[in-house]
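Biologist: Hey, got a minute to walk me through this one? I'd like to start with what sits on the inside.
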Amino acid sequence: MSVNLGIRQVGDVTVVDVAGRITLGEGSSALREALRDMVGKNQKKILLNLGDVSYIDSSGIGELVSGFTTVTNAGGQLKLLNLTKRVKDLLQITKLYTVFDVHEDEAHAVRSFT
Amino acid sequence: MGDLSRPATESVERSLDSTLDSVDQAEDLAVGVARRAGFDEEDLMKIGLAVRESMVNAVVHGNRYNTNKKVRFSASMSGSRFTVRVADEGEGFDHAHLPDPLTPENLLRTSGRGIFLIRSFMDDFQARHLDPAGTEVTLVKFAVSK
């Protein structure tokens with residue numbers, strides 16, 4: 001299984017439910033294209049729900065960083081929700097955990113956007 | 001940790017095409033050997049990711065998806081030592097002088113974390129140039145008696 005992206009709107013926040021594998025190839029490119037598309041549509045408050053991400057590799061981590069940079073440079077905010085232990089461990093090892101604003105509760109995460 | 005109460009000797013070897021499918025195949029093969037040797041789920045995750053990163057380096061950066069070039073892959077368990085070897089036919093690069101992905105200036109780079117993750121997840125990592133061309137990496141993880 002590659003990656004599946006479900007996109008929904010909660011107020012002015014775009015929530016992206018990511019499920020499956022964010023790995024080199026289809027998985028990481030799908031996420032990259034979705035985030036660029038959102039920024040192009042001026043959707044700049046983006047919450048990535050990673051609760052159903054079963055696997056992520058260094059390419060997937062790179063796509064999270066790329067998305068963060070793309071959204072931030074466009075004047076927006078990209079935050080993460082529901083990290084699995086696997087994703088959390090990788091972000092901590094790579095010292096990226098503190099770069100991202102990470103949440104465990106969706107309502108709280110949505111309210112945190114400014 | 002692996003369980004030494006189940007001593008194992010097993011070896012698999014393949015010559016793989018330079019495709020992303022081969023990356024999945026190698027990861028599955030390596031994790032299969034490691035699982036049968038008694039490594040726990042946490043170690044299997046680490047081994048799987050390390051093998052994936054090594055294979056991606058070989059297929060993408062080494063052989064550059066060249067259909068005429070192969071990736072030689074092997075995974076073996078002997079005693080307490082689990083060893084994976086991945087060899088490509090590319091031009092090679094200097095593993096010893098890669099940028100540190102943890103420094104502030106590199107933290108937001110979108111690539112360059114693969115070797116770092118391999119080193120983090122395995123007990124030993126070695127790379128050597130092959131003659132006339134190519135790079136072989138060797139990944140080792142030791143099972144620890146419970």
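Modeller: Sure. Keep in mind that this is a predicted model. The largest nonpolar core has 34 residues, and B:A30, B:A34, B:A50, B:V51, B:M55, B:V71 and B:V86 touch the most other members.

Biologist: Which helices and strands of chain B each supply at least two residues of this core?
Modeller: Helix 1 (20-36), helix 2, helix 3, strand 2, strand 3 (81-87) and strand 5 of chain B each do. Helix 2 of chain B gives the most, with 8 residues.

Biologist: And what does B:M55 touch, leaving out residues up to four places away in sequence?
Modeller: B:M55 touches B:S22, B:V23, B:A26, B:E27, B:V71 and B:V86. There is another core apart from the largest one, with 30 residues, including A:I56, A:I61, A:L64 and A:V65.

Biologist: OK, over to chain A then. Why does the length of helix 2 of chain A agree with what it should span?
Modeller: Helix 2 of chain A (residues 58-73) has 16 residues, so at 1.5 Å a residue it should span 22 Å, and its end C-alpha atoms are 22 Å apart.

Biologist: Which residues of that helix are buried?
Modeller: The buried ones in helix 2 of chain A are A:S58, A:S59, A:G60, A:I61, A:G62, A:E63, A:L64, A:V65, A:G67, A:F68 and A:V71. Just after the helix, A:G75 takes a positive phi of about 85°.

Biologist: Now the interface. How many residues of each chain are in contact?
Modeller: 16 residues of chain B are in contact with 15 residues of chain A. On the chain B side, helix 2 (41-62) and helix 3 (114-121) each supply at least two residues. The largest share, 5 residues, comes from helix 2 of chain B. By type, that side divides into 9 nonpolar, 4 polar and 3 charged.

Biologist: Which residues other than glycine have a positive phi in chain B?
Modeller: B:R64, with phi near 50°, and B:Y65, with phi near 60°, are two to look at. B:R64 is in the loop between helix 2 and strand 2 (70-79) of chain B, and B:Y65 is found in that loop too.

Biologist: Is B:Y65 buried or exposed, and why?
Modeller: B:Y65 counts as exposed because it has 11 C-beta neighbours inside 10 Å, and the cut-off for exposed is 12 or fewer. B:R64 has 13 other C-beta atoms within 10 Å, so B:R64 is partly exposed.

Biologist: Last one: where's the cis peptide bond?
Modeller: The cis bond joins B:D131 and B:P132, with omega about 10°. B:P132 lies in the loop between strand 4 (124-129) and strand 5 (135-142) of chain B.

Conventions: Residues are numbered from 1 along each chain as its sequence is written. Chains are lettered from A and ligands numbered from 1 in the order in which they are written. This is a predicted model: local features need pLDDT of at least 70, side-chain atom pairs count only at pLDDT 80 or more; totals for chains, interfaces and linings use all residues. Two residues are in contact if their C-beta atoms, placed from the backbone, lie within 7 Å. Helices (H or I, at least four residues) and strands (E, at least two) are DSSP runs, numbered from the N terminus. Ala, Val, Leu, Ile, Met, Phe, Trp, Tyr, Cys and Pro count as nonpolar, Asp, Glu, Lys and Arg as charged, and the others, Gly among them, as polar. The expected span of a helix is 1.5 Å times one less than its number of residues. A residue is buried if 20 or more other C-beta atoms lie within 10 Å of its own, exposed if 12 or fewer, and partly exposed in between; C-beta atoms are placed from the backbone. A nonpolar core is a set of buried Ala, Val, Leu, Ile, Met, Phe, Trp, Tyr and Cys residues joined through C-beta atoms within 7 Å.
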